[in-house]
Amino acid sequence: MNDQTRTDIFLDDGEEPIISHRSPVRFQLDTMALEDGPHTLRIEAYDAGGQKGVRYITFEVRNGPGIAISGLSDNDILEGKIPILVNSYGGAGEAHWEPSRAETPAPTPTWIWVLLIVIMIFGVFYGLQQWNPPPPFADTPTYSAPAASRDSSSE
């Protein structure tokens, strides 16, 4: 019996496999040698009868510096002059990496401003409600004038 079981692993559109071994196959994919961007592993497995199975796994490599863009997103429709901020920063590959370079300034999100305004409106409303207490509470110690000021006003 001729055992032809093997697994061939190809990178992108390569004609030669990067690995050809009998299953199970364990290996480390070194992405440092790959260009940033989309890539594909093509795995071809052969059983004892020579029947071939193929599977594709796509992945994206990001070894280069990180790129952050503020003011422009994918598929935006633009008109006029648009202020755009582009920040790039490396990390693991730099000997003296400064973390503050990775902090891209961005405007405060609108939802935070809306939440702040709602909280302020509630605070003003609540304060005005408590400014003039309802009659049943007007003479309680919490809302009545301090005793010293009442004594001086009665003289």
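Mentor: Helices (H or I, at least four residues) and strands (E, at least two) are DSSP runs, numbered from the N terminus. This is a predicted model: local features need pLDDT of at least 70, side-chain atom pairs count only at pLDDT 80 or more, and totals for chains, interfaces and linings use all residues. Residues are numbered from 1 along each chain as its sequence is written, and side-chain values use heavy atoms, with hydrogens and water left out.

Trainee: In what order do the elements of the protein run from the N terminus on?

Mentor: The protein contains 6 strands and 3 helices. From the N terminus, the order is β-β-β-β-β-β-α-α-α.

Trainee: In which loop is P24 found?

Mentor: The peptide bond leading from S23 into P24 is cis, with omega near 0°. Most residues other than glycine have a negative phi, and most peptide bonds are trans. P24 belongs to the loop between β2 (19-21) and β3.

Trainee: What is the phi of D12?

Mentor: D12 lies in the loop that links β1 and β2. Its relative accessible area is 27%, so D12 is partly exposed (buried is under 20%, exposed over 50%, partly exposed in between; 1.4 Å probe, protein chains only). For a residue other than glycine, D12 has a positive phi, near 55°.

Trainee: Is N75 buried or exposed?

Mentor: N75 sits in the loop between β5 and β6 (85-89). Its phi is positive, near 65°, and N75 is not a glycine. With 76% relative accessibility, N75 is exposed.

Trainee: In the hairpin of β3 and β4, which residue takes a positive phi?

Mentor: Strands β3 (residues 37-46) and β4 (residues 52-61) pair in the antiparallel sense over 10 bridges, where pairing requires at least two DSSP bridges. P38 has E60 of β4 as its bridge partner. The hairpin has 5 residues between the strands, and the one with positive phi, near 90°, is G50.

Trainee: Which elements give two or more residues to the largest nonpolar core?

Mentor: A nonpolar core is a set of buried Ala, Val, Leu, Ile, Met, Phe, Trp, Tyr and Cys residues joined through side-chain atoms within 4.5 Å. The largest has 7 residues: I9, L11, I19, L34, L41, I43 and V61. Two or more of these come from each of β1 (6-11) and β3.

Trainee: Beyond its neighbours within four places in sequence, which residues is I69 in contact with?

Mentor: I69 is in strand β5 (residues 66-70) and is partly exposed, at 48% relative accessibility. I69 and I84 are 15 residues apart along the chain, with C-alpha atoms separated by 7.1 Å. Contact is defined as heavy atoms within 4.5 Å. Outside that sequence window, the partners of I69 are I84, L85 and V86.

Trainee: What is the angle between the planes of F122 and Y126?

Mentor: The whole structure yields 1 aromatic pair (ring centres of Phe, Tyr or the six-membered ring of Trp within 6.5 Å; planes under 30 degrees apart are stacked, over 60 edge-to-face, the rest tilted). F122 and Y126 are 4 residues apart in helix α1 (residues 110-131), so about one helical turn separates them. F122 is exposed at 55% relative accessible area, whereas Y126 is partly exposed at 48%. Their rings are stacked, 6.1 Å centre to centre, at an angle of 25°.

Trainee: Over the ring of which residue does the charged end of R42 sit?

Mentor: A charge sits over a ring if NZ of Lys or CZ of Arg is within 6 Å of the ring centre and within 35 degrees of the ring normal. R6 lies over the face of Y46, 4.2 Å from the ring centre. For R42, the distance is 4.0 Å, from the centre of the ring of F10.
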